[in-house]
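I opened this notebook to record what I looked up, one topic at a time. My entries follow the order in which I went through the structure.

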Amino acid sequence: MFPELKPSQKYWIFILGMACVIFGDILASVLASWLNLAPQEQAFLLGLQDRIIPFPIMGAFVLFLVIGGMVSLLFRYYIMPIMRIAESTQLIALANPNHRVPEIGAREVAHLARIINASADAYQKLQQEVEATIYDARADLLEERNRFAVLMSELPVGVLVCNIHGQILLYNSQAQTLFRATGQTDFSGSEGRHGLIGLGRSLFGLVPREQVADRIEQLQQAVEAGDATPIRRFKVSLEEGYCLNISMAPVFSFHCEQHEECLPCERRRISGLVLTIDDRPSPGGPDEAAGSVAPAEPPAAEPLPLRSGVTPISDPRPVFYEFDLFHNRVPEKLGEESLRRLTYVAFDTETTGLEPTQGDEIIQLGAVRIVNGKLISGEVIDQLIDPQRSIPAVSVAIHGITPKMVANQPTIGQVLPHFHRFTEGAVLVAHNAAFDMRCLQVKEAQTGVRFDNPVLDTLLLSSIIHPHQESHSLDEVAARLSLTNIGRHTALGDAIVTAEVLLKMIPLLEARGIVTLNDALQASTRSPYARISY
């Protein structure tokens, strides 16, 4: 009943309905009695109305006050606490084992909360023991992965791995530097001539699709001819004579429809590509001939055990990888894609004020990417922006950004095109996204940049997940999910905590049947905060 309304709204609707029932029933009874009287009896009663009518009205008011008071107590000590306990219990089970149910309401309800908290303590202890056992069991594997990451970071050439659909699932800092060396303005992203390098992004934004397709076909032909270690070399010309030398080797999959593993039948299917990249002058002249094999290259080894990604290690030259993308396909219909599999860009802005249509400007933009359910801490934007106007002292007191800090920084016209490329193919995420999107929209005419990405608002989603909570501010939502915002009121700090909030929210949304992007967008329209505009 009234699932989209706040608890206080439900209460007043219930009270109003009860008043209508009580007074309507008395009025109907009086009217029915009046119609059953003879004319002379009606005339007699009309003379006594000032003595008779006040008593039914007073009785109705007394009855309304008594029942209304009982309903108020019922809502305050039973209904509302039980609703909040239900939300907190689900939060413990799906997103935040550290959370505990508030012991509020009547004695019986508070007792229920204590029992749930005791169960939560036991559940958390068991979960910690299981996680410790799993960690110990995986310690060797994690150590091997970190060694692998260090090895990749120390290679003198760039390395990039993608699946057969062209989605990047590994790159090292050398590849990042080589593609960034094409002269594009860099605002803390890793940008190439045609696009950005990043996990889940398309290889074809960096290397022409035709060249890659030709080499894949040549590799497949070599595999079918019995070549165990085929490699293809080619050059990519970018701009102003800048060229990259690329060696391409396949990654094989040994799975097929007939067998769980195809090693016995010696079938091999190319499931991905390993590209090694450098910009050294090539002594061999033009691209390799079709069908030839580069003898000087080291042989392509059997595929490494490419599995799920881990957090990049702390290294001066990190390696970013997410091997679960090996089996990903680019979704044809984004709206039907699972929330867990989407690519997101969580972002936030700091501004000179709260009136973007009245001249307030963006002075800081922060953004971070989420790929395959993981926050990619190495792919961020953290950029101060020159607003080309004054910054009010009241705004400086909130975000701490002074006019001196933004002096000589890029303008919004320089930063937004870069941010637009950073968000390609992603769902935008913000807390109170109506404000941030309005800040971007008012700059469309000036910059020529239009953001038509789908947008999810963690403010709206929080009100859907926890409709009975009083506050849905970013601080309160983060606290409920046991998240800490270290950089509060900095654009990147708020963007990161917004990304973490979204990841924690996904299982809670799924518990309510909100599984796909379309589900989340439709649910957002039912939020009472969906009417906020700037």
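**Entry 1, salt bridges.** I began with Glu-470, which forms a salt bridge with Arg-84, and the closest N and O atoms of the two are 3.2 Å apart. I took a salt bridge to be a side-chain nitrogen of Lys or Arg within 4 Å of a carboxyl oxygen of Asp or Glu. The pair links distant parts of the chain, since Glu-470 sits in the loop between α13 and α14 while Arg-84 belongs to helix α4 (residues 54–94), 386 residues apart. The element names are those of DSSP runs numbered from the N terminus, with helices (H or I) of at least four residues and strands (E) of at least two.

I then looked up how open the two partners are. Glu-470 is exposed, with a relative accessible area of 67%, whereas Arg-84 is partly exposed at 21%. For these words I used under 20% relative accessible area for buried, over 50% for exposed and partly exposed in between, with a 1.4 Å probe and protein chains only.

Before going on I noted that this is a predicted model, in which local features need pLDDT of at least 70 and side-chain atom pairs count only at pLDDT 80 or more, while totals for chains, interfaces and linings use all residues. Residues are numbered from 1 along each chain as its sequence is written, and side-chain values use heavy atoms, with hydrogens and water left out.

The structure holds nine salt bridges, and I followed two others. Arg-340 and Glu-510 meet through their side chains at 2.8 Å, N to O. Arg-340 lies in the loop between β6 (319–321) and β7 and Glu-510 in helix α15, so this salt bridge ties together parts that are 170 residues apart in sequence. Arg-340 is partly exposed, at 44%, and Glu-510 is partly exposed, at 24%.

Lys-443 and Glu-361 also form a salt bridge, at 2.7 Å from N to O. Lys-443 is in the loop between α11 (433–441) and α12 (444–447) and Glu-361 in the loop between β7 and β8, so the pair joins parts 82 residues apart in sequence. Here I found Lys-443 buried, with a relative accessible area of 9%, and Glu-361 buried as well, at 16%.

**Entry 2, aromatic pairs.** How many aromatic pairs are there? The count comes to three, taking rings of Phe, Tyr and Trp (its six-membered ring) with centres within 6.5 Å, and calling planes under 30 degrees apart stacked, over 60 edge-to-face and the rest tilted. Phe-23 and Phe-61 make an edge-to-face pair, 5.2 Å centre to centre with 70° between the planes. Phe-23 lies in helix α1 (residues 7–35) and Phe-61 in helix α4, so the pair ties together parts that are 38 residues apart in sequence. Phe-23 counts as partly exposed at 29%, and Phe-61 is partly exposed at 46%.

The ring centres of Phe-347 and Phe-419 are 5.6 Å apart and their planes stand at 50°, so I entered this pair as tilted. Phe-347 is in strand β7 and Phe-419 in helix α10 (residues 412–422), 72 residues apart. Phe-347 is buried, at 0%, and Phe-419 is buried, also at 0%. Together with Phe-451 they form one aromatic cluster.

**Entry 3, nonpolar cores.** I counted as a nonpolar core a set of buried Ala, Val, Leu, Ile, Met, Phe, Trp, Tyr and Cys residues joined through side-chain atoms within 4.5 Å. The largest has 33 residues, of which Leu-339, Tyr-344, Leu-456, Leu-481 and Met-505 touch the most other members. Among the elements that each supply at least two residues of this core are β7 (344–351), β8 (362–371) and α15 (491–511). Helix α15 gives the most, with nine residues.

Leaving aside neighbours within four places in sequence, Met-505 is in contact (heavy atoms within 4.5 Å) with residues including Thr-458, Leu-461 and Val-477. Apart from this core lies another, of 29 residues, among them Ile-168 and Leu-273.

**Entry 4, whole protein.** I closed with the totals: the protein has 16 helices and 11 strands, and buried residues make up 44% of its 534 residues.
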